[in-house]
Amino acid sequence: MSGSQNNSPAEQNFTIDQIFSSLPEFKSRGITELTIADRIFSSDKNGILRLAAGIKKHCPDLFFSLLVDPQVIDPKFISVMQELFVSLEMNLEGSVKNGKLLFDKKLFSRKCAMLNDAGMIFGFNMNWGEQEGDTFKSFRDRIDFAVSLYPNHIDFGRLENDPYSDPSSTGIYSSKDLDFSRGMAFACSTFYSEGRAVPWFNSVMKALKINPSAFFSDFEEFQLCNNCSFEVGFNPKEAGHKAIEKLQLMFLGQKFAEKQKSHYMPAVRDMVQLNGAFSRVMESRTEETIETSYHPDDLLSPYAFSIQDFVENVTMESCQVTVFDTPEGPDYRLG
């Protein structure tokens, strides 16, 4: 568990008991962020709810990142969490039975549907080759499944290691596949998580008729060719979202051209840039102006869920769109 102080990069580490006892002092000490990644506490529903009540009482503006066991997620849990600035993190991993890695997709699908319906921010923690019975195919399947649930981000703890290290190869997970997995994870981290792609990513996959894991594998090759891979020390967090957005659009242009669907790109470009502007304005509290080929009302409508239907049925309309901050969140105006 760690807490970050305002105006300082320093972090302080706390035990669970210390967090409970120190909550009344967080605001006066300038602690603005709290991260709890304790596996035992993640399944302590009563403890989490008690902590949430303490945060709401003593430091309601605190940004709170919490590792949570999906089993504790229910309507009551969600209603409490909706009152906080919280990001829920879940370990996307299976259980080992008879040497095989089993994964409860129904559980995660059900819980994530509840979170999405409530508009909650959540993400997944994943790794590869660490659990008994894990395979390269299983890792790819987990990525495909994870993305289908619309998480705000997917984190890979192994990518935080410096230098990047892999587990030992096994009879079912070769060293070559471990290298492929690392590259795929880095591509996912860059394009999806740091690229803030959740609002439009699955629509793009549907239009391209490609699985996310294959898409990320291709993007890894693109990164290698454009000097923005982990081999050259590229850091997507330091690069910033605007730079990653440029990489996204370059790569998407190539992929849609490969599929002979370049006529989709004006709509795709608009969706990427408009959602990107909303994200950056929310973060910076400034404003940003972009040019679009379609009206923003259409781009932000349910029509955008199917890019093919959107392009075939929505009339193009050149617009100058200014995204700006409001107390209720980002909004936009034309002209």
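This briefing walks through the salt bridges, the nonpolar core, a pocket and one buried glycine of the structure above. Please keep in mind that the model is predicted. The count of salt bridges comes to 17, and the largest nonpolar core holds 100 residues. Arg280 of helix α12 is a good residue to have on screen as you read, since Arg280 belongs to a salt-bridge network with Lys242, Glu245 and Glu288.

**A salt bridge between two loops: Arg158 and Glu130**

- Arg158 and Glu130 pair through their side chains in a salt bridge, with an N to O distance of 2.2 Å.
- Arg158 sits in the loop between β9 (153-156) and α7 (175-194), and Glu130 in the loop between β8 (121-126) and α6 (136-148), so the salt bridge ties together parts that are 28 residues apart in sequence.
- The two partners fall into separate accessibility classes: Arg158 is buried at a relative accessible area of 13%, whereas Glu130 is partly exposed at 45%.
- In general terms, side chains of opposite charge can pair when their charged atoms come close.

**A second loop-to-loop link: Arg285 and Asp325**

- Arg285 and Asp325 also form a salt bridge, and their closest N and O atoms are 3.3 Å apart.
- This pair links distant parts of the chain, 40 residues apart: Arg285 is in the loop between α12 (265-284) and β10 (287-292), and Asp325 is in the loop between β11 (319-324) and β12 (331-334).
- Arg285 counts as exposed, with 54% relative accessibility, while Asp325 counts as partly exposed, with 27%.

**Arg280 and its network**

- Arg280 is part of helix α12 and has a relative accessibility of 10%, so Arg280 counts as buried, the cut-off being under 20%.
- The side chain of Arg280 meets that of Glu288 in a salt bridge at 2.4 Å, N to O, and Glu288 is buried too.
- Arg280 also makes a side-chain to side-chain polar contact with Glu245, at 3.1 Å.
- Salt bridges with shared partners bring Lys242, Glu245, Arg280 and Glu288 together in one network.
- Leaving aside neighbours within four places in sequence, the contacts of Arg280 include Arg196, His241, Gln273 and Arg285.

**The nonpolar core**

- Within the largest nonpolar core, the residues with the most contacts are Leu88, Phe201, Phe215, Phe216 and Leu252.
- Helix α12 gives the largest share of this core, nine residues.
- Beyond its neighbours within four places in sequence, Leu252 is in contact with Phe191, Trp200, Val204, Phe215, Met265, Val268 and Val272.
- As a background point, nonpolar side chains tend to be buried together in soluble globular proteins.

**The second largest pocket**

- The second largest pocket has a volume of about 260 Å³.
- Its lining is made up of 17 residues, and the closest to the pocket centre are Asp69, Pro70, Asn91, Glu93 and Phe108.
- At least two lining residues come from each of α2 (39-42), β5 (85-91) and α5 (105-117).

**A buried glycine: Gly47**

- Gly47 is found in helix α3 (residues 45-58) and is buried, at a relative accessible area of 6%.
- Not counting residues up to four places away in sequence, Gly47 touches Phe20 and Phe41.
- Phe20 lies 27 residues from Gly47 along the chain, and the C-alpha atoms of the two are separated by 9.9 Å.

Notes. Residues are numbered from 1 along each chain as its sequence is written. This is a predicted model: local features need pLDDT of at least 70, side-chain atom pairs count only at pLDDT 80 or more; totals for chains, interfaces and linings use all residues. Side-chain values use heavy atoms; hydrogens and water are left out. A salt bridge is a side-chain nitrogen of Lys or Arg within 4 Å of a carboxyl oxygen of Asp or Glu. Helices (H or I, at least four residues) and strands (E, at least two) are DSSP runs, numbered from the N terminus. Buried means under 20% relative accessible area, exposed over 50%, partly exposed in between (1.4 Å probe, protein chains only). A nonpolar core is a set of buried Ala, Val, Leu, Ile, Met, Phe, Trp, Tyr and Cys residues joined through side-chain atoms within 4.5 Å. Contact means heavy atoms within 4.5 Å. A polar contact is a pair of N or O atoms within 3.5 Å; within protein, one must be able to donate a hydrogen and the other to accept it, and residues adjacent in sequence count only if both atoms are side-chain atoms. On a 1 Å grid over the protein atoms alone, a cavity is a set of points where a 1.4 Å probe fits but cannot get out, and a pocket is an open set with protein on both sides within 12 Å along at least five of seven lines; lining residues have an atom within 4 Å of a point. Grid points are joined across faces, edges and corners, and a volume is the space filled by probe spheres set on the points.
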